[in-house]
Each structure stands twice: as structure tokens, then as C-alpha cells.
Amino acid sequence: MSNAVERIREAVDVKVLLGAYGGRNIKGTGNVRSCCPIHGGDNTTAFVFTQSNKMWYCFTGACGGGDCFDFVMEMDECTFKESAVKLAELFNVVVDWETEEIEENPFREEARAFIEMMMKRSNAHELPVFKMPAGMKLTKINEYRGYSQETIEWWKFRYCTEGELEDRLVIPFEDVDKRLVGITGRAMKGQPNKFMHRPRNLHTGYFLTGLGRNLEFVREAGNSVKIVEGAFDCARWWDNGFKNICAPIGLFFTDEHVLQLYKAGVTTIEIGFDNDEAGRNGIRKAIKKARGKFDIYVLDYPQGKDADDCTREELIQIDANKLLWWEWLEKYGEKLEGEKKK
Ligand SMILES: [Zn+2]
């Protein structure tokens, strides 16, 4: 085992590390809790970083877990060695980079065991059925962004007129069994917090909304499903006749999503996150996770556009011209393994 890696890990103070990476609401000592700095969001207990072994876990299911090196690799999109260099600098560990062996993380197995333990503890695989918060009044909406009545009804978009989500458009989230697992309220009058999830600790990485609802269309399409950036992109595609569609909450594609797709019998996925830096980043990570498990295509939107801005003709073009995953990587010069784009 590399001596330097061990010394670095020893020197890491997880509280300082979280602070250095913009962690918010950092609380506790042994088990340090905070908002998840990887996926963001305002759930103050989403993330735990354990001082004793320098391991972290994101309870929303969106980010998985790992050790302090994985954490820096996630945050900075860098290789293992780069993460070691950064941590050594941050915690004043003197390392002779010429002679020390630090190509691969010797704590891999330890991290895997930790993640498994945390997964069991969180029980997040069984999302409870969601109950609407008390005092909320929801009304039907007749029009929104030009969606058809049928589309609004299918996705059950509502407007909240009273209660904690007042003056927000309410979007329901369902799991693959079509159970309601949560909602989000989208601000309609410029309120702070554009999206408010309920329950507050919603495990956003554990479902693909629309997958259960649209299963018959997934079958019709040959067990193929489009995975797009959110409920509005779903609605836009659906409105234009592409009904084999679902969305994660955020730009994440997790192990749990893979399981949900397996459960639904999906064999082909078409990833359609926005064509901007964050979206392409999400696509690259999704390809990495899904490779070898599904046939993978990428829906190549015009630069800077998302599905909800596209006309019917544009969507038809995008669908017809979807790229195989390696064609997409070639086109955008993206690399899959660790290395940052030069
Ligand atoms: Zn997270």
C-alpha cells in the first residue's frame, strides 16, 4: 500500500475539506453532515462525511459514496493522482511525487464496503408513498407552455393556490411502479428556491419519473426509452408524439436508475440532457455508468437549447439524428476515463 496515500488520508480533516469545497450547513464532529456539495440542493442532512475513515455517502442516492479521494475526483473531475496532489496541498502533506507510487486508490474495497453498509442503513430502496403536505390546495391548470390538455393531464401538472407551495406549479414524481414518491413546486412568481421538493429529504437518485407511466410506449418502441433532463422536457417530447420518455430529477444517472430500467425491461436508452456544459457532463457520466448494460444513444440538441425550447420539426430531426454514444464522444471530444478535457 502506498505510504503517501495513507499519510494523506490520515491528514484529511473532513470538515475542512467540505468547507474548502463549498459545503453548506456543515454540522457535527465524528459523522459530519451537510448539504450535498456534489449535487447541490437544500437538504441539510443529505450528505455524511465520516472523520474516522474519511468516507462519504449521499443519502439522496444521486451521488453514491466513496472516500476523500473519490470526493475530490467528483468535485474537480480529476484523476486519482490529481486528487492525491490536491489533498496533499490542502493538508500540508509532503510527498515526493517522483518516487511514490500513487496510480491507483488502495482504499477501493474499503469504500465499497462502506457504501454498501450506508445503503442498507438508509433503506432508500423502498421509497415511502408520498402524502401531500397539509393545508395545500391544488387546482387543475388549463394551459402551460403551450402543452396540450392531454399532456397536462398525463403528467398531472397542478397549481398550488394555498399552503407552503403557494403560487407554484406542482409536478408529481413517480417510481417505476407508478407510486407517487414526491412532488416539486416550481416557483411561478419569481420566489427564491426555484424548485422545492417534498418530502424535503426526497431520494432523488432513486427513481425515473414517467418510466412507470409510459411503460406501454417503452414496449412499443422496442424497450427503448428516452431519458431527458426534467418533467418539462418529458412533457414537450410527449406532446409531440414521443411517449417512451422519463426523467431523473437533476442531471444524474445512478446505479438505482439502472436497476429501475432493468425492472422495466429496458434494453436501449437515449440520453437527452441539455447541450450545455453541465448537460454534456451529465451525459458523459451517464454513458460511463450505462456502458455495457444498455444500447446507448444520445439525443443531440442544438447547442444551448433544451427540449422544451424545440419545435416539433426540431424534435423529429433530433430523434432521427441521434448519435451512438461513441459517435457523440467523438463529436464533442469528451473523454470517459478520469482525464479532464484539455
Ligand atoms: Zn448528492
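Angles between elements run from 0 to 180 degrees between N-to-C directions, with axes fitted as lines to C-alpha atoms. That is the sense of every crossing angle in these close-ups, which come from a predicted model.

**View 1. The whole chain, split into its domains.** The chain divides into domain 1 (3-122), domain 2 (137-200) and domain 3 (206-332). Between domain 1 and domain 2, the C-alpha centres are 35 Å apart. Mean pLDDT for the chain is 90, with 95% of its residues at 70 or more. Go easy on residues 338-342, though: the pLDDT there is below 50, and the stretch has seven contacts in the model beyond near neighbours in sequence.

**View 2. The four-stranded sheet.** Here you're looking at an open sheet of four strands, ordered 1-2-3-4, with antiparallel pairing. Strand 1 (31-34) and strand 4 (65-67) are the edge strands, each pairing on one side only. On average, neighbouring strands in this sheet are turned by 15 degrees against each other, ignoring direction. Zoom in on strand 1 and strand 2 (residues 47-50) and you'll find four bridges, running in the antiparallel sense. One residue pair to look for is Val32, which sits opposite Phe49 of strand 2. As background, strands in a sheet pair through backbone hydrogen bonds, parallel or antiparallel.

**View 3. Helix 3 against the sheet and against helix 4.** Helix 3 lies across strand 3 (55-58) and strand 4, at about 115 degrees to strand 4. Helix 3 (residues 68-76) also meets helix 4 (residues 80-90): their axes come within 9 Å and cross at roughly 105 degrees. Since angles from 65 to 115 degrees count as roughly perpendicular, that makes helix 3 roughly perpendicular to helix 4. From helix 3, the residues in the contact are Cys68, Phe69, Val72, Met73 and Asp76, and they meet Phe80, Ser83, Ala84, Lys86 and Leu87 of helix 4. Sorted by type, the residues of this contact come out as seven nonpolar, one polar and two charged.

**View 4. The five-stranded sheet.** This one is an open sheet too, with five strands in the order 11-10-12-13-14 and mixed pairing. Strand 11 (245-246) and strand 14 (323-324) are at the edges with a single partner strand each, so one side of each has no neighbour in the sheet. Strand 13 (residues 295-298) and strand 14 run antiparallel, joined by two bridges. To find that pairing on screen, pick Tyr297, whose bridge partner in strand 14 is Leu324.

**View 5. Two backbone oddities in loops.** Most non-glycine residues have a negative phi, and most peptide bonds are trans. Asn25 isn't a glycine, yet has a positive phi of about 65 degrees. Look for Asn25 in the loop between helix 2 (14-20) and strand 1. The other spot is the Arg198 to Pro199 peptide bond, which is cis, with omega near 0 degrees. Pro199 belongs to the loop between strand 9 (195-198) and helix 7 (215-220).

Notes: Residues are numbered from 1 along each chain as its sequence is written. This is a predicted model: local features need pLDDT of at least 70, side-chain atom pairs count only at pLDDT 80 or more; totals for chains, interfaces and linings use all residues. Angles under 35 degrees count as roughly parallel, over 145 as roughly antiparallel, 65 to 115 as roughly perpendicular and the rest as oblique. Two residues are in contact if their C-beta atoms, placed from the backbone, lie within 7 Å. Ala, Val, Leu, Ile, Met, Phe, Trp, Tyr, Cys and Pro count as nonpolar, Asp, Glu, Lys and Arg as charged, and the others, Gly among them, as polar. pLDDT is the predictor's confidence in each residue, from 0 to 100. Two strands pair if DSSP finds at least two bridges between them. Domain bounds come from an automatic or database domain assignment.
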